[in-house]
Amino acid sequence: MRRARALLVLASLVALLPVTAWAHKESDAYVDLRLDPANPNRLLGQFDIALRDLDFAIGVDSNHDGAITWGEVKAHREAIERYVLPGLTIQGDGLTCPITPQGQMIDEHSDGAYDVILFQALCDKEVPDKLTIVYHLFQQVDPYHRGIINVYARGQTSGAVLGPQNPSTTLDINRPDRWRQFKSFVIDGIWHIWTGPDHLLFILSLLLPSVLICRRRPRTPFDGGDWQPVERFWPAALELVKVISGFTVSHSVTLSLSVLGFIDLPSRLVESGIALSVIVAAFNNIYPIVTRRAWLVAFAFGFIHGLGFASALAGLRLPAAAMAVSLGGFNVGVEIGQESVVMPLIMLAFAVRQTAFYRIGVLRVGSWLIVLVAALWLIQRAFDLLIPGLGFLTPS
Amino acid sequence: MHRLLALAGCLVALPCLANQDFPFVPSRDDMVLQTVPSITDARVRAFAALRNDWSRHPQDVLDAVKLSEAYLDYGRDTGDARYLGRAEAVIAPWLARLPPPIPAVLVHATILQSRHDFTEARLQLRGILARDPDNAQAWLTLATVEQVQGDVGPARQACARLLDSSDPLIPGGCLASLDAVTGHAINAAHLLAVLWPQAKAENVAVQSWIQGIQADTADYLGDAAGAERHFRTALQLTPGDNFLLAEYGDFLLDQKRPQAALELVRDYSQSDTSFLRQVYAEAALGAPQTAADTAEMARRFAALEVRGTYAYRREEAGFVLFLEHDPQRALQLAEQNWTVQRAPQDMRVLLQAALAAGKPQAAEPVLEQLASTHLQWPIVVNLADKVHAQLAKQSPASLGQKHP
C-alpha cells in the first residue's frame with residue numbers, strides 16, 4: 001500500500017514543478033462585428049478560431065502528420081463552419097440575426113495560425129442599438145476558452161470577453177461618447193455668450209458700477225450723481241461674483257425648464273424681455289434705483305435670459321438621454337463664457353475707476369449707449385421691425 | 001479591400017505567415033499553417049486509447065482522471081496551456097457531483113495551481129486532506145502551492161507528511177527544494193546528491209526534476225559552473241522543456257552570456273516565456289530586431305490581458321522594467337504579482353522595480369521575507385543590500401524602524 005502511494009506520487013509529478021512556465025496563453029477566439037455601411041440591416045463579421053483548437057475538437061490534420069496545411073483547412077471548411085457558427089448567436093430587440101458564412105481565410109495571432117470565418121448577420125430590421133451576443137463555442141471541451149468580442153459601430157468600439165461563466169453580453173452599439181458630447185455643449189455655451197451681444201451687454205451693465213459706490217443718487221437721469229471709487233479690489237470682485245452667480249442660478253432654472261418642455265413662451269416675448277432687461281440694467285447705472293443688491297437684478301432677469309438660452313438648444317433635437325449631459329455642458333459653457341468676459345473687464349475697470357473718463361465716459365455715456373442699442377432691439381423685436389444698421393448688433 | 005491587399009501582399013512576399021496583421025488567403029495548398037500534436041508522438045497515440053476508455057466507461061472516475069492527467073502532463077511538457085482547459089473539461093462532470101470524487105478534485109487542484117489560482121487550489125487541497133489526511137499527492141501539491149507563495153513553514157510540514165511513504169525520493173526532493181531557498185542550500189545540495197542515484201532508476205521527468213532543483217541550488221550558492229552543468233543535464237533529459245528553457249535562459253542572461261541565451265531559446269519563439277528571453281538577449285546584444293520584437297512581446301502581454309489572464313505579472317514586470325523602461329508601472333505589476341506569489345524570482349523583480357522606481361520602501365515585504373527565509377541567492381541578497389542602503393539614505397532617523 002505504501003509503495004503504491006509512492007508510485008501514485010511519481011505518476012503525477014506534474015504538481016511538483018514550482019511555477020509552470022506556459023508557452024502561451026490559453027484558448028481564445030476573436031469575433032469582430034461591423035455595421036455594414038451599405039445595408040442597415042446587416043452586420044459583417046470576422047470570426048478567428050485557433051487551428052490548434054479546431055484540430056483538437058474536430059480534427060483538421062487529416063493525415064495526422066502534425067502539420068496543418070491550407071489544403072487541409074480548406075477541405076474542412078464546411079465541417080468547421082458547422083461546428084463553430086452554432087456557438088455564436090447575435091440578437092436584439094427580440095429578433096435574432098442569423099449568421100451565414102461568406103468566406104474563409106487565415107489570420108496570424110501571437111500563439112499561432114487561426115482559421116477566419118468571414119460571415120454576415122442579417123437582421124429582419126435595422127440592426128438593433130442594443131445587441132445581445134451569446135457565445136458557447138468550445139464550452140464542452142475547454143471551460144477556459146474565451147470568446148473575445150469587439151463591435152465597431154458608428155465610430156465606437158465596444159467589447160466583451162465571454163466564457164462559460166458569462167456566456168452572453170449586451171452591447172449598446174449606439175452609445176454616444178458622453179464626455180465628447182458634454183465638451184461640445186460646453187463650447188456651444190461659451191460661443192452662445194460670446195456671440196450674443198444682448199447677454200454681454202446685460203452683464204456689462206451690471207459690471208460697470210461694481211468698482212464704484214453711489215454716494216448720492218442723481219436727482220434726474222441727467223445729473224450724474226456722486227460716484228466714489230471703491231478702495232479695495234476684492235470686495236468689488238466678490239460683489240460681482242454674487243451678481244454673476246445670481247444670474248447663473250436663475251438662468252439655469254429656466255433654461256432647464258424650457259428645454260425639458262415645462263415652459264414654452266413665444267420667442268418674441270422672450271427676446272423682447274431680454275432687450276428690456278438690458279435697458280433696465282443700464283438705466284440703473286444712470287439713475288440708480290437698486291444700488292446695494294445688484295445681484296437681485298441679475299437674479300430676476302436671469303430667468304428671462306435662461307429662456308433665451310433655451311432657444312439656442314431648441315434646434316438641436318436632443319435625444320432624451322443626452323439631455324442632462326447637454327444641459328449641464330451648456331450651463332458650464334455659459335458660465336465660462338461669462339467669466340472670461342467679466343474677469344478681465346473688472347480688472348480693467350478697477351484700474352481706471354478713479355478717472356473722470358470712467359465715471360462719465362464709460363459709466364454714464366456707455367450706459368446711455370447701451371440703453372439706446374437695447375431700446376432699438378426692443379422695438380425691433382417687439383414689433384418685428386427691421387431697423388437698418390442694427391444688423392451687426394443683432395444676436396445670432 | 002484590406003482582404004485584397006492581404007492577398008496581394010501574400011502573392012508578392014512569401015512566407016505569408018510572418019507577422020500578418022490582417023487575414024489572408026494562403027497562396028499554396030501545401031503551405032503549413034500550424035504544427036499540432038502528431039501521432040508519431042507516443043503521448044498523442046496514448047490519448048486515443050485513454051479517450052476510448054473514458055467514453056466507454058462514463059461511470060468510471062479513474063478513466064476520466066487518467067485522460068485528464070495525460071492532457072495535463074502533455075500540456076506541461078509542451079508548454080501548451082490549452083491542455084489545462086481540456087483536462088478540466090474531462091473531469092468537470094465529476095466535480096459537479098456531491099461530494100466530488102477525490103481523484104477528480106486532485107486533478108482540479110493541480111489545474112488551479114498551474115493557472116496560478118493558488119488560493120482556490122489550497123482550498124481544494126485542504127478539502128481533500130480533511131477527507132483523506134494521508135493523501136500523498138494532496139500534500140505534495142500543497143507543498144508546491146505553499147512554497148510558491150513563500151509560506152515555507154507550512155510547505156515544510158506538507159513535505160514532511162510525505163516521508164510516510166517508503167520512497168524517500170519525492171519527500172527528499174520536496175525538502176531539498178525548500179532547504180535551497182531557506183538558507184540551507186548546502187544541505188540541499190548534499191541531499192540531492194544522495195538522492196540522484198535513486199532518481200536515475202525513475203523516468204526522465206523525475207530525473208529532470210531532480211537536476212532542475214540541483215541547478216537552482218547551485219545558482220543560489222553562487223556556483224555558476226555547477227548550475228550550468230545541472231541545467232544542461234536536465235535539458236538533455238527533457239529537451240525543449242519550457243520551464244527549464246526559461247530558467248536556464250535567465251541564468252545565462254545573469255551570467256552576461258546573451259549570445260548563449262539567444263541560441264538556447266531562439267528555436268522556441270512561439271513560446272511566450274522563451275520569446276521573452278530572446279528579446280532580453282537581443283537587447284543585451286544590441287540586435288537590430290530588438291525594437292520590433294519588444295513590440296511583439298508587448299502584443300502578447302496585451303493578448304493575455306484581454307482575456308483576463310494575470311498569471312504572468314512577474315514576467316511582465318521584468319519586461320516593462322528592462323525593455324519598456326517604465327519603472328513605475330513595473331513596480332505596480334511586481335507588487336500585484338507579490339500578492340499572488342512570493343518565490344525567489346518574485347522577490348527579485350520586486351526589489352529591482354522598487355529600486356528603479358526610487359521607492360525602496362515598496363520592497364519592504366521582500367526584505368521581511370528575506371529576513372524570515374534566509375534565502376542565500378546572491379542576486380537577491382545584493383539587491384536587498386541596495387534597498388537597505390537607499391532606505392537608510394532616505395530616512396537615517398528611521399533606521400531599524402518598521403515602516404508602516
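Guide: Helices here are DSSP runs of H or I with at least four residues, strands are runs of E with at least two, and both are numbered from the N terminus. By that rule B:Ala392 lies in helix H21 (residues 378-394) of chain B. This is a predicted model, in which local features need pLDDT of at least 70, side-chain atom pairs count only at pLDDT 80 or more, and totals for chains, interfaces and linings use all residues. Residues are numbered from 1 along each chain as its sequence is written, while chains are lettered from A and ligands numbered from 1 in the order in which they are written.

Visitor: Why is B:Ala392 called partly exposed?
Guide: B:Ala392 has 13 other C-beta atoms within 10 Å. A residue is buried with 20 or more such neighbours within 10 Å and exposed with 12 or fewer, C-beta atoms being placed from the backbone, so B:Ala392 falls in between. The C-alpha atom of B:Pro360, 32 residues away along the chain, is separated from that of B:Ala392 by 9.8 Å.

Visitor: What makes the crossing of H19(B) and H21(B) left-handed?
Guide: The near helix is turned anticlockwise from the far one by less than a right angle, which is the rule for left-handed (clockwise would be right-handed). The axes of helix H19 (residues 344-356) of chain B and H21(B) come within 10 Å and cross at roughly 35°. Axes are lines fitted to C-alpha atoms, for helices over the stretch in contact, with angles from 0 to 180 degrees between N-to-C directions.

Visitor: Which residues make that contact?
Guide: Among them are B:Met347, B:Leu351 and B:Leu355 of H19(B), along with B:Ile379, B:Leu383 and B:Val387 of H21(B). The contact residues divide into 10 nonpolar, 2 polar and 2 charged. Ala, Val, Leu, Ile, Met, Phe, Trp, Tyr, Cys and Pro count as nonpolar, Asp, Glu, Lys and Arg as charged, and the others, Gly among them, as polar.

Visitor: What makes a group of residues such as B:Leu350 and B:Ala353 a nonpolar core?
Guide: Such a core is a set of buried Ala, Val, Leu, Ile, Met, Phe, Trp, Tyr and Cys residues joined through C-beta atoms within 7 Å. The largest one has 117 residues, and B:Ala334, B:Leu350, B:Leu351, B:Ala353 and B:Ala354 have the most contacts inside it. Leaving aside neighbours within four places in sequence, B:Ala353 is in contact (C-beta atoms within 7 Å) with residues including B:Ala317, B:Leu321 and B:Ala334. A second, separate core of 49 residues includes A:Leu208, A:Ala282, A:Ala298 and A:Val342.

Visitor: How do you know that S1 and S2 of chain A pair?
Guide: Pairing requires at least two bridges found by DSSP. Strand S1 (residues 28-35) and strand S2 (residues 42-50) of chain A share 7 bridges in the antiparallel sense, so they qualify. One partnership is A:Asp32 with A:Gln46 in S2(A). These two strands form a hairpin with 6 residues between them.

Visitor: Why is the pairing of the six-stranded sheet in chain A called mixed?
Guide: Strands of a sheet pair through backbone hydrogen bonds, either parallel or antiparallel. Here S1(A) pairs with strand S9 (residues 146-153) of chain A in the parallel sense over 7 bridges, whereas its pairing with S2(A) is antiparallel. In S9(A), A:Ile149 is the bridge partner of A:Val31. The 6 strands form an open sheet in the order S6-S7-S2-S1-S9-S10.

Visitor: What makes S6 and S10 of chain A edge strands?
Guide: Strand S6 (99-109) and strand S10 (156-162) each pair on one side only. The twist averages 20° from one strand to the next. Helix H4 (residues 77-84) of chain A packs on this sheet, touching S2, S6 and strand S7 (112-122).

Visitor: How do you know that chain A and chain B touch?
Guide: By the contact rule, 69 residues of chain B meet 57 residues of chain A. The chain B side has 29 nonpolar, 24 polar and 16 charged residues. Strand S3 (residues 67-69) of chain A also joins strand S1 (residues 32-35) of chain B through 3 antiparallel bridges, so these strands count as paired. There A:Thr69 stands opposite B:Val32.

Key: Two residues are in contact if their C-beta atoms, placed from the backbone, lie within 7 Å.
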